[in-house]
Each structure stands twice: as C-alpha cells, then as structure tokens.
Amino acid sequence: MNFGGVFNTAGNVLDQVTGKNKFSKQTIRGSVVLLKKNVFDITSVYGTIADSVYEFLGQGVTFQLVSAENADPANDNGGKLGKLASLENWNLTYTPPLAGSETLYKVSFEWDEELGTPGAIILRNNHAAEFFLKTITLEDVPGEGRLHFHCYSWVYPDQQYKKPRVFFANKTYLPHETPVPLRKYREQELQALRGDGTGELKYGDRVYDYAVYNDLGDPDNGAQYVRPVLGGSAQHPYPRRGRTSRPPSRTDPNTESRNFLLPSILGNIYVPRDEQFGHLKKSDFIAYNLKSLVTSVIPFLEAFVDFTPNEFDSFKDVDNLYFNGLPIPNDALNQLASNIPFEMTKEFFRTDGRQLLKFPVPQVIQERSNPTAWRTDEEFAREMLAGLNPVVIRLLKEFPPTSNLDPQVYGDHNSSITKEDIEYNLDGLSVEEALESNRLFILDHHDSVMTYLRRINENTSSKTYATRTILFLRGDDTLKPVAIELSLPHPDGDKFGSVNKVFTPSDHGVEGSIWQLAKGFVAVNDSGYHQLISHWLNTHATLEPFVIATNRQLSAVHPIHKLLQPHFRDTMTINALAREMLVNAGGVIESNFYPRQYAMEMSSEVYKSWNFVEQALPNDLKKRGMAVEDANSQYGLQLLIKDYPYAVDGLKIWFAIEQWVRDYCTFYYKSDEMVQQDPELQAWWKELREVGHGDKKDEPWWPKMQTREELIESCTTVIWIASALHAAVNFGQYAYAGYFPNRPSLSRRLMPEKDTPEYAELEKNPEKAFFSTMSTQLQSLIVTAVVETLSNHASDEVYLGQRTSDWTTDETPVAAFKAFNTKLTEIEGELLKLNMDKRLKNRVGSVNVPYTLLYPTSELGLTGKGIPNSISI
C-alpha cells in the first residue's frame, strides 16, 4: 500500500495541532497527459486489470514536487519535497480504444511557501504496467504562473528503478546555473542513464552504453556467417554502437549471440526504451514495415521467382513490373497472404483486385514521352550532381588520375586513361586547358574497391571492377562522361598493380552496348558505395555515438541536450534493426550488393579516413574541389559547377541551420570561457572523441571544444548529418534505384570479350546480355522492395524546423527557432523557383525529375522530398 501518503497525512495533522506549520497553504492543480500501453497487447490487457486492482488498494501513480528554491539537509541538500499527490480517477478516466490515444488526468498538489517554486517532480508508478508520459502542466504556481514539464518518456513500475523517476520543469540551465536544490537530481538522472557498464540490459531499461560491432556475424550458424569485429582495433576501426548485453555466441566468445529474445519491435535486441518512441500506429514507424518486408515479403519474392523462374530479358519485361504488373502464381500469393497484413500487401504489391506483382512507378521512368532518357549519358552524369549519391564526385586536379594505394603493397594503380582517349571530346580544349579551367571531374571508385576486389571476385558470386569515370563540364553547366576505366587486380598478385581497360562513349552497335555495360559497372560501384558509405557509415553509424554521449553526459535541462535531442529520434532503434536484418551476415545488403560478405568490412576501411570536420557541407565541398573560398560569393563560397543542385540547396539549408545554432548557443554561452568551464559539455565532447569514436581519438582534426565557434560548428554538423545529409542520400532511393536497370546493385559477370558466347549474345541481344550481367531477378526485386520502404515518410514524421511546443521557457531561443522555421519556408519557395528555371538543366534533366530531396517538408509516403529532423529510417 501507499504508506508514504498515510504518514504524510498523519504528520500534517500533528503539525496543525502543535502549530508547527505556520506557512500558508494552497492547492496547485495539475494536468498529466500520458499514453497507456497498447490495449491490443495481451500483456497490456493483464496490466490494465492489475492496474485497476492496485488503484483500488491505493497503490497508484504518485507525484512529489521538488523545490528549486529551498534545500533540505535531511534530503542530502536536495530540494525540499512536497507531499505525495496521486493521479486522480485512473479507473474512471476514459481511455480511447485506439492504440496510442492520449489520456488526460488531473492531479492536485498541496503547496506552501516553504516549498517555493517547484523545479522538478518525482514520479512513482506503483502499477503493474508501464505508460508513456508526455507532459505535466501545473497551473497558477505562486510566483511562477503556468509551469510545464516536457517529459516524453516511458515510465515503468517503480520497482524496476534503483531511484524514482525525476522530471524537470521546462527550464534550461548550464551546470553552474542549476539551482542548488536540483543539482543532486540532475546528477542522479545522468548516473541512471549511464548505468555501470555491467549486467544484462532488460526491455524497459534506460541505460545508454557503448559496444563495438561484434553483433554482425552469427558463427553459431556456420562458418559462412563469421564476420570480423568492427571497432576497437587498428585493422578494423569503427564508430561504437549501443551496448545490448546479449551473451557471447557459443563458438566465438568475441561475437555477441543473436538468439536473446525481447518483446519489442526489434524482436531480440536491446535499445533504451525511450529510443523506441511509441508511435501512434505501428505502421507509422517505417521500421515496422521494414521488419515485415524482410521476414515475410522477401520469402514471398523468393517463392515468386521459384514459380516464375525466367530472368528478365528486356527493359520491357522490367517496365511491366511498374506499368502493367506481373502475374502472381496462386501458391506464392497464398504464402504472402498468410504472413503479412493485407494493408502491407496493398502497399507493396498494389493488387487492385487482380493477382499482379506491381510496384509504384519510380520517378526516373515516369516521363513516358522519353522512356529511355534514364539511359542517356547526360542523365548518367546528372545523377552525380542531383541523384541519390551526389556526395562523391570531385574535381580532377591531375591527369591521368593517380591512386593513393601504397605502391609497396599494391604496385602501380594509376590510371591508364590517355589524352587520346578523351581530348577529342573536350569541346576543342586540350587536357591541360580543361584542367586549368576546372572543367574535368571524376567519379572515383578505384581505391575503395580495389583492396577487396580480388576477394570479391574469387570468393563470391559477384564479378565486378573498380572504376574511374572522367567527366567534362560543358558550357551549359552540364556534365558529359568522356571515359570509363574498368580495373581488375593483376592476376599475378597485388604487387603487380592493376589491369585496366578504358571505354569511351558510343551510341551505336556493339560498341554502344559495351558503353552501356561500362556505365552499368560504374553504377554497381556507386550503388554499393552509396548504401554502405554515403548512407550507412556517414550518417547512421557515425551519428549513433552522439546519441549515446548526449544522453549520458548532458542533462535533459542542458541547452545542448535540448538543441540536439530532436535530431536523435528513432536513430538507435533503426540502427539496431539494420544490424539485425540489413547489414548483418547474410542480410539484405550482403545478399544483394556487390561486396557481399565484405560489405561492412569495406566500410570499416573507408572509416579510416573519416573526418568529423569534413562532414560539414562547406568543408566537404572544398575538400572535393567542388567549391573554393570566395569572399565576394554568397556564403563565402564559389561553386565550380554553379548548377549543382545538391550543393546549391544544401548550402541554403546548412547556413540556415548554422544561423539557428549560432543564435541559440550564443544566448547560453556569452564567452569562450563559459564553453571551457562547462563540465557536462567537456565530458560530452571527451567521451565522443575517446569512446564513441575512440578509434579516431588521436586524430588532430577534432575540434578542441574551447570556443563558441567550435561548439556552433560542431552542433551544426551534427544536425546537418542527422537531417539534411541523411535526407539527401536516403529519400531519393526509390526515385532512382527503384528502377533497378538505372542503378544495378551488383554484377554477375565481367565485360564480354570478343570471340566468346557472351560477346555474341551482346551483339545479338544487348538487352538480354545486360540482364545476364547485372543483378538477378530476385536480387532486383528485393532491392526494389527494400528501397521503396526506405524512401517512405511516416504520417507522424517531424521535419526540420518543427518541434513540440513548450520545449523551453526562454523567449530568445523560441524566437530564434521561429525565425529558423520561417527561413526554411522561404528556402522551400526558392527551391521551387529554381526547379522551374529552364536554364538550370541539372535540376530536372531529360528524365523530368526535379531535385526536391532538400525541400524541408513533405507529405506522407513516397514523395522524394522532405528533411526529417532525425535518422529514423
């Protein structure tokens, strides 16, 4: 029973009799908004009944005000505590039947002058089931007025916690500004979130901790699923992930097992409970659809291919998948219907009353007046500036291109492309003149692929090349490819360098077909790099340590925690799901992209050159030679390709974020000394460098976090990665890769050689030869289904410039955020106008796909636009 309430009542009576309590008293009314656990969950039905019994016995949900003004020596100098107050009418308050519906409760607090202004609330859940607490609002607090508590946290039964839950009023404090009575609670909360680094983490726990990527392999299921541990070594450095505490596998103590079950959407992996936000509907969490896709839809696609064993032979066959649909055998359809909800069947297959496998039409082929526009050289080049991977192309500064591979180990890997190969196609310029005028560019997938290429080609079903593509900038600011180099490791060994073949543009005959294949091999490289590096490594993986460190080292009332927290929503959950189903041994990425079992290991190799400072868009553009400093240009940068949609739009977004962060940080930090003397901020940055990105801790480029400028630049970079950068490389996936001939994810055989059956097939039926070379039908269908899911927006998506109301009581940051939102609205209007400017040929292209990936907002679904606040898919 709730004995605390009995004792408090008795003490109050005694005080009145003795005259001890001389302070005037009054009642503060409060409202509590929460979401009960999903009523459709069997365990929740039990919990609801049990909660009613506990309420009847007087064991309900209790609250206790904590003074921000008056400390109590009997409470270790923590704030004086008010009397216990219970949530009123739990059993009588109507709970809507819709899962996720909010419920409003009332609570009444007894207040006296000795308590003063409350700064925190201690909450105890004496029920059997957890609930999601959104807000607590106190009305007419003496001397304060309305006091809001922004909670947004799952609250489990009190016995699960070592100390009761504490929620702070919506005020923002640097550590030294925290009222003395609240400092104890500030530190206790951080200690609870850090944990002690040991023990099993259970569903519902709140602990944030680090681990290496030792959960990708599954050695207990066979040697083919053994994978190296990523992180913690010079050979395989990697960012840290969230600790999950699963026991080691039976066959390898260094590898975490994958058979520990937890009752969550993730199935068998721990994520701090508040990182698994309770969405209004499961379908609002796109990861739910992703899990259903991997566990049910992919087996259906396998069955479909088994029942229809023919491969695609022509582009018309593929087009039918989008425009007409492919007949589904009854057995395959029955298998699908028995495994996933009908709503998902409609979403993925659009049966429309007929048994047809049919996907939505990707934007890249929607323009039917020019159905082959995607195959043109112009579109091939344009997508390097405005497609789903516009972050790799760079200025070519020397010719021929050179390699950074160690010649002592790998021999000569410099390019074999000659002046004669390209000079005829430079609009009258010599190579030297083109270099001097900054008109030669390169998409370079040579070094990053070559170190693994021998293993890929010898040990997997993939057969591919390392590639270099040289492009020339024309007078209308469009690019044209002028040469593609396909390279293989030397057959006599690595130290002998590479064997290179150079291909140049051709439109007709077998040479034209060979050129199309060469572009296909480039697309294979770029698809793998995009998915593993541009998308997974440079956004998902590198950001997770920031999520963990922020929760461990920055209090919820710290200004930088409040600044960054909206940009971490769902990130740990989607990353955990990715490790379970996408980037794990035998997962979607390994099965359907060219690096196969070497995929994550290759991303570790690229992480060796990762640099946090270079993730800032202006620095990235300068590093790649795509922009130079120019005091007379907007933002102090001049783009070498003025019509570079990703860069043009991205810079607008970057500097809007930067202004918002500057306005915010300079409000709380009046000097560099305040940055230096903030113990939480310094602990946060130290842990990020030394633990979260511990394999890079000795790099000289890390900001020292000694100045306001370093803080502003670092926070801007974090927000950029979480929002705009991820949006740019994620939400265009279906638009361009949903039509898999445009971006095949792997190749199964090399370029046909003369006097071979494959070459004869290429001469006779070039389209069939293309499909015989690239991804299989099953692999293509799986990638199409996956990228459709990844490209969707949920109905409860929160976009850049949006956040819940009452997130702070400080008027200046509120006004700055409103100005940020207004600026983003202006930018969206500017981008709409740019896309209508016919002079800017790279913004739309011959495929008639406007560049909208950096539009700040979007509607529900598959839109190809919108910048969510966080990496939530």
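Residues are termed buried when their relative accessible area is under 20%. By this criterion, Ala769, Phe770, Phe771 and Thr773 are buried in helix H25, which spans residues 766–773 of the predicted model. The buried residues of H25 pack against three helices, namely H5 (315–323), H13 (509–553) and H24 (757–764).

Strand S16, formed by residues 466–473, is likewise mostly covered, with eight of its eight residues buried. In a regular strand, side chains alternate between the two faces of the sheet. In S16 both faces are covered: one side carries Ala466, Arg468, Ile470 and Phe472, the other carries Thr467, Thr469, Leu471 and Leu473, and all of these residues are buried.

S16 has antiparallel partners in strands S15 and S17. Pairing with S15 (residues 440–445) extends over six bridges in the antiparallel sense, and within this pairing Ile470 of S16 is the bridge partner of Ile442. Strand S17 (residues 479–489) is joined to S16 by eight bridges, and these two strands also run antiparallel. Here Leu471 has Pro481 of S17 as its bridge partner. Ile470 and Leu471, which take part in these bridges to S15 and S17 respectively, lie on opposite sides of S16, and both are buried. S16 and S17 form a hairpin with five residues between the strands, in which Asp477 adopts a positive phi near 75 degrees.

A further set of antiparallel pairings involves strand S1 (residues 25–36). S1 pairs with strand S5 (residues 103–112) over ten bridges, with Leu104 in S5 serving as the bridge partner of Val33. S1 also pairs with strand S7 (residues 131–141), in this case over eight bridges and again in the antiparallel sense. Within S7, Glu139 stands opposite Arg29.

Burial is also found in a loop. Ser257 is located between strand S11 (241–242) and helix H4 (286–307). Its relative accessible area is 5%, below the 20% limit, and Ser257 is therefore classed as buried. The side chain of Ser257 reaches the backbone oxygen of Pro247 at a distance of 2.6 Å. When residues up to four places away in sequence are not counted, Ser257 touches Arg246, Pro247, Pro248 and Ser249. Pro247 thus appears both among the residues touched by Ser257 and as the residue whose backbone oxygen is reached by the serine side chain.

Methods. Residues numbered from 1 in each chain as written. Predicted model: local features only at pLDDT ≥ 70, side-chain atom pairs only at ≥ 80, totals over all residues. Heavy atoms only, no water. Buried < 20%, exposed > 50% of the residue type's maximum accessible area, 1.4 Å probe, protein only. Helix = DSSP H or I, 4+ residues; strand = E, 2+ residues; numbered from the N terminus. Pairing = 2+ DSSP bridges. Contact = heavy atoms within 4.5 Å. Polar contact = N/O pair within 3.5 Å; in protein donor to acceptor, adjacent residues only side chain to side chain.
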